[in-house]
Amino acid sequence: MLHSDINLHEAFTILAHQAVDPTLSESCELVARALSMGNSLPSAMATAPELFNSFDARLAEVGMLTGHLAESTAMAAVHYERVEKTRSQIWSALSYPLMTMVICLILVVVVPPVVFNSIFEMLRDSGVELPPVSRLVMGFSSAVQSPWTWFGLVLIALVGGKLLSSWLKGPQARFHLGSVVLALPVLGPFFRTQAISNFSHALAALTSAGISLHRAFPVAADSTGNPVLSVVAEEATERILAGETVADSLRSTGFFPNLFVLSVAAGEEAGDLVRGLQNTSRLYDIDLESRTESILSMLGPMVTFLIGVIVGVVNLAVLLPLVELTKKL
């Protein structure tokens, strides 16, 4: 619609009437109302936080300042298509392991108190000295049957979730949490690769639309949702404004691997930074796909191992006291 010279107020009004989703329709109406009152597009977007996040508002602000609003919104559409495609691929691959794990956890909660409750009572009355594994499973069975256990778990979940949500509102807390996630053995490299891939795609799209690097860096970093990369991008932006090259500014942050920096440097030296970023993003897309397949391939054996451990522990908890009871008879 922006390419058809329809103004912003009319565009959001049309979207509000055409949207099937009531949340989308209501959000578009709020933005249209704010625009009619003379607010800027980023300020109007802030009235609908359910639909627009900080990345959307920042991208709109850059697009309006540079006169490339249509290109910025097109870039946002491509970005969200990529994100949704990646998310759907991951969830489709995770569906089977997650369902198996949920069923396994349900069995852990339901089977001991329901199936083995009478056997546990017989073992308690037999006078046989129970091994630690039997006492552990029997204690778990008793705890599961108590409503106070579930009340305590719900209370802990509510209070803990509230405290965690309040803590994560601070940028410093999000940065520390992001740093911890990136330091994890297997998931850390995966999330770093995902952030770099999204960053290079967004940066290539923004620069190809004519947006300057010092404006494109923070917006591209926000598109990744990675708090560490957002801080890194601000540092790199300051170095670019100080006169450093793009490759040197990225290298100095320590966040980007040498392959990424060398690819950007090659594009920069050739005078075609956009092509260099596009080639780099394709490389990291392949790397991200490979890492995703590796992680998902490990989930099947992990779930199988978890089921085996649970079945083995329950069997030992029941059979060991029965063997001792049989010896006494």
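Here are legends for four close-up views of this predicted model.

**View 1. How helix 13 packs on helix 14.** Helix 13 covers residues 246–253 and helix 14 covers residues 258–269. Their axes sit 8 Å apart and meet at an angle of about 165°. With anything over 145 degrees counted as roughly antiparallel, that makes helix 13 roughly antiparallel to helix 14. The crossing of helix 13 past helix 14 is left-handed.

**View 2. The residues that make the contact between helix 13 and helix 14.** On the helix 13 side, look for Val246, Ala247, Leu250 and Arg251. Helix 14 answers with Phe260, Val261, Val264, Ala265 and Glu268. Sorted by class, this contact has seven nonpolar residues, two charged ones and no polar ones.

**View 3. The largest nonpolar core.** This core has 37 residues, and Phe199, Leu250 and Phe256 are the ones with the most contacts inside it. Elements giving two or more residues to it include helix 4 (54–66), helix 5 (69–115), helix 12 (227–241) and helix 15 (273–328). Helix 13 and helix 14 are on that list too. Helix 10 gives the most, with seven residues.

**View 4. Zooming in on Phe199, then on to another core.** Set aside the neighbours within four places in sequence, and Phe199 is in contact with Phe217, Ala220, Ala221, Thr224, Leu229, Phe256 and Phe260. Two of these names have come up already: Phe256 is among the residues with the most contacts inside the largest core, and Phe260 belongs to the helix 14 side of the contact with helix 13. Apart from the largest core lies another one, of 15 residues, with Cys28, Ala32, Met45 and Ala48 among them.

How values were computed:
Residues are numbered from 1 along each chain as its sequence is written. This is a predicted model: local features need pLDDT of at least 70, side-chain atom pairs count only at pLDDT 80 or more; totals for chains, interfaces and linings use all residues. Side-chain values use heavy atoms; hydrogens and water are left out. Axes are lines fitted to C-alpha atoms, for helices over the stretch in contact, and angles run from 0 to 180 degrees between N-to-C directions. Helices (H or I, at least four residues) and strands (E, at least two) are DSSP runs, numbered from the N terminus. Angles under 35 degrees count as roughly parallel, over 145 as roughly antiparallel, 65 to 115 as roughly perpendicular and the rest as oblique. A crossing is left-handed if the near helix is turned anticlockwise from the far one by less than a right angle, and right-handed if clockwise. Contact means heavy atoms within 4.5 Å. Ala, Val, Leu, Ile, Met, Phe, Trp, Tyr, Cys and Pro count as nonpolar, Asp, Glu, Lys and Arg as charged, and the others, Gly among them, as polar. A nonpolar core is a set of buried Ala, Val, Leu, Ile, Met, Phe, Trp, Tyr and Cys residues joined through side-chain atoms within 4.5 Å. Buried means under 20% relative accessible area, exposed over 50%, partly exposed in between (1.4 Å probe, protein chains only).
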